[in-house]
Amino acid sequence: MADTSPAQAQAASPTTGVMVILTVKPGVTREQVMAVMPDEIRQTVQLYLNGKVREWYSRSDGRGAVFLLDVEDVAVAHATMEGLPLAKQDLIDHEYIAVGPLQPLRLLMTKP
């Protein structure tokens, strides 16, 4: 095992992706969203084929989606998502969360 101090074990995690939670804005109708969906889907599939979208899910509450982007920081994720049709038409809100390796696992690498 590596000789890692507890302080090093608690160091900031590198960003390995960004989770993006998309939520339909209050007052936006299903019809407004569905009018844009064909273009949204095509462009999202292209992002997947280009390696930017690692995983994607529908929200079970029907209010949007969750994407896990394979990007290095939130700024790149923001630029990526703002280029999509639903964002361009200001129909959805985004929440960005940088993610990385699970930090408590580093404690396994410290000497007792």
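**Notebook: strands, helix α2 and charged pairs**

I began with the hairpin, where β2 and β3 run antiparallel and are joined by 5 bridges; I took two strands as paired if DSSP finds at least two bridges between them. I was reading a predicted model, in which local features need pLDDT of at least 70 and side-chain atom pairs count only at pLDDT 80 or more, while totals for chains, interfaces and linings use all residues. Residues are numbered from 1 along each chain as its sequence is written, and side-chain values use heavy atoms, with hydrogens and water left out.

**Entry 1: the hairpin and the outline**

Within the pair of strands I noted that E55 stands opposite L68 in β3. There are 5 residues between the strands of this hairpin, and G62 takes a positive phi near 75° there.

I then listed the elements and found 4 helices and 4 strands, in the order α-β-α-β-β-α-α-β from the N terminus on. Helices (H or I, at least four residues) and strands (E, at least two) are DSSP runs, numbered from the N terminus.

For the protein of 112 residues I recorded that 30% are buried, where buried means under 20% relative accessible area, exposed over 50%, and partly exposed in between, with a 1.4 Å probe and protein chains only. The accessible surface comes to about 7,200 Å², and 58% of this belongs to carbon and sulfur atoms; the areas come from the Shrake-Rupley method with a 1.4 Å probe, and for residues only the protein chains shown count as cover. Of the contacts with a separation of 6 or more, 73% are between residues 24 or more positions apart, a contact being heavy atoms within 4.5 Å.

**Entry 2: helix α2**

I checked the length of α2 (residues 30-49) against expectation: at 1.5 Å a residue its 20 residues should span 28 Å, and the end C-alpha atoms are 27 Å apart, which agrees. The expected span is 1.5 Å times one less than the number of residues.

Where does α2 bend? I found a bend of about 50° at M37, and a proline, P38, follows within four residues; the bend at a residue is the angle between axes fitted to the seven residues ending there and the seven starting there. Just after the helix, G51 takes a positive phi of about 85°.

On the buried side of my list for α2 are V33, V36, M37, E40, T44 and L47. The buried residues of this helix pack against three strands, β1 (17-24), β2 (53-58) and β3 (64-69), and against the helices α3 (74-82) and α4 (85-88).

**Entry 3: F67 in strand β3**

I next looked up F67, which is found in strand β3 and counts as buried because its relative accessible area is 7%. Leaving aside neighbours within four places in sequence, F67 is in contact with V18, M19, V20, L22, T44, E55, W56 and M81; T44 also appears among the buried residues of α2. F67 and L22 are 45 residues apart in sequence, yet 8.0 Å apart in space, C-alpha to C-alpha.

**Entry 4: salt bridges**

How many salt bridges does a search of the whole structure find? The search finds 5, a salt bridge being a side-chain nitrogen of Lys or Arg within 4 Å of a carboxyl oxygen of Asp or Glu.

One of them joins the side chains of K25 and D93 (3.6 Å, N to O). This pair links distant parts of the chain, with K25 in the loop between β1 and α2 and D93 in strand β4 (residues 92-99), 68 residues apart. D93 counts as partly exposed, at 37% relative accessibility.

Another joins D39 and R42 (2.8 Å, N to O), both in helix α2 and 3 residues apart, about one turn of the helix. D39 is partly exposed at 40% relative accessibility, whereas R42 is exposed, with a relative accessible area of 53%.

I also noted the salt bridge between D61 and R59 (2.5 Å, N to O), in which D61 is partly exposed at 47% and R59 is partly exposed at 21% relative accessibility. Salt bridges that share partners join K25, D90 and D93 into one network.

My last look was at D90, which lies in the loop between α4 and β4. Its phi is near 60°, a positive value in a residue other than glycine, and D90 is partly exposed, with a relative accessible area of 48%.
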